[in-house]
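Please open the structure in your viewer and keep the selection tool at hand. The tour below proceeds stop by stop, saying what to select and what is found there.

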Amino acid sequence: MSEYNYKAINRDLGRAIHQYDMISDGDRILVGVSGGKDSLTLLWFLTERLNRIPIAYEVFPVYIDPGFPGGFDRDLQAWADAQGFGLRIDYTDNGVVAHSQENLENPCFLCARRRRQRLFEIADELGCSKLAFGHHKDDIVETFFINMCYTGVMGTMCPVQSMFEGRFHIIRPLAFVDESRIQRFADDQGFPEFNNPCPTASTSKRREIKDILGQLYRGNKNIKDNIFRSLSHVNQEYLL
């Protein structure tokens with residue numbers, strides 16, 4: 001394991017948790033696992049830090065299988081078992097329904113909404129008041145541009161979001177972490193790579209925005225951090 005990547009992610013994760021008061025002693029936290037490097041990294045860090053911090057909380061990793069043929073549920077379960085993670089897999093037809101002939105215009109929106117709804121149901125069943133997702137700095141910046149370009153709204157994902165009048169809280173401990181650093185850490189750890197069976201995985205709006213932003217970042221390495229910083233420094237006097 002690269003000590004540099006570990007320390008950098010641990011520092012930024014700890015800073016986000018403390019700045020936004022994400023985790024308290026006795027919390028029961030559902031961790032949304034997608035099978036990607038981001039959620040696996042989040043699960044690893046939330047579990048690893050329990051051995052060296054003065055508070056105790058419980059982690060409940062959950063993967064919502066979308067129901068596509070050729071899924072990776074068994075391989076993901078085998079990896080989680082080998083790591084000692086008590087992964088729960090919930091089988092659904094979310095992806096299949098979202099990509100049906102009746103919903104071809106925006107399958108990603110419906111699939112994500114049904115997945116999120118099911119996670120809240122499982123959190124309620126497990127007595128978890130917090131749901132942790134592996135969204136990182138790049139996701140937050142990209143979501144900002146997706147919302148502007150496709151919905152006409154200035155907004156993005158928050159590090160902490162209260163839901164259902166405070167009954168649940170979504171937390172994003174990787175909010176300050178660059179995707180590239182997560183990728184290097186995942187490579188160092190030898191995390192498995194699973195093929196996404198979703199038929200629109202490579203053609204999403206997020207992919208389009210990511211490609212556009214990637215071109216900007218190549219021209220100036222400070223652009224991503226400047227955009228991210230601007231999300232908490234809004235000059236409303238110069239907005240309509």
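How do the residues of the lining of the second largest pocket divide into nonpolar, polar and charged? The tour begins with this pocket; please bear in mind throughout that the model is a predicted one.

**First stop: the second largest pocket**

Select Phe-228, Arg-229, Ser-230, Leu-231 and Ser-232, which lie nearest the centre of the second largest pocket. The full lining comprises 27 residues, and the space inside is about 630 Å³. Next, colour helix H1 (3-19), helix H6 (137-151) and helix H9 (223-230), the elements that each give two or more residues to this lining. The opening question can now be answered: the lining residues divide into twelve nonpolar, seven polar and eight charged.

**Second stop: the sheet**

Now display the strands. Six of them form an open sheet, and their order is E3-E2-E1-E4-E6-E5. The pairing in this sheet is mixed. Select strand E3 (88-91) and strand E5 (160-163), which stand at the edges; each has a single partner strand, so one side of each is left without a neighbour in the sheet. On average, neighbouring strands of the sheet are turned by 25° against each other, direction ignored.

For a view of one pair, select residues 130-132, strand E4, together with residues 168-171, strand E6. These two strands pair in the parallel sense, over three bridges. Within this pair, Ala-132 has Ile-171 of E6 as its bridge partner.

Two helices that pack on the sheet may be added to the view. Helix H2, residues 37-48, touches strand E1 (28-33), strand E2 (58-65) and E4. The direction of H2 makes about 155° with that of E1. Helix H5, residues 107-126, touches E1, E2, E3, E4, E5 and E6. The direction of H5 makes about 145° with that of E2.

**Third stop: helix H2 and two helices packed against it**

Two packed helices are described by the angle between their axes and the distance between the axes.

Keep H2 selected and add helix H7, residues 179-189. The two pack at an angle of about 70°, with their axes 10 Å apart. That angle makes H2 roughly perpendicular to H7. To see the contact, show the side chains of Lys-37, Asp-38, Thr-41, Trp-44 and Phe-45 in H2. On the side of H7, show Glu-179, Ile-182, Gln-183, Phe-185, Ala-186 and Gln-189. The residues of this contact divide into five nonpolar, three polar and three charged.

Then replace H7 by H1, whose axis comes within 11 Å of that of H2 and crosses at roughly 80°. H1 is therefore roughly perpendicular to H2. Select Tyr-6, Ile-9, Asn-10 and Leu-13 in H1, which meet Leu-42, Trp-44, Phe-45 and Glu-48 in H2. By class, this contact has six nonpolar residues, one polar and one charged.

**Last stop: the cavity**

How many cavities of 30 Å³ or more does a search of the whole structure find? The search finds one, and the space in this largest cavity is about 30 Å³. Select Val-33, Leu-40, Leu-43, Pro-61, Leu-76, Trp-79, Ala-80, Phe-85 and Leu-87, which line the cavity. H2 and helix H3 (73-83) are the elements that give two or more residues to this lining. The largest share, three residues, comes from H3. By class, the lining has nine nonpolar residues, no polar and no charged ones.

Terms used. Residues numbered from 1 in each chain as written. Heavy atoms only, no water. Pairing = 2+ DSSP bridges. Helix = DSSP H or I, 4+ residues; strand = E, 2+ residues; numbered from the N terminus. Axes fitted to C-alpha atoms, helices over the stretch in contact; angles between N-to-C directions. Contact = heavy atoms within 4.5 Å. 1 Å grid on protein atoms, 1.4 Å probe; cavity = no way out; pocket = protein on both sides within 12 Å on 5 of 7 lines; lining within 4 Å. Points joined across faces, edges and corners; volume = space filled by probe spheres on them. Nonpolar A, V, L, I, M, F, W, Y, C, P; charged D, E, K, R; others polar. Parallel < 35°, antiparallel > 145°, perpendicular 65-115°, else oblique.
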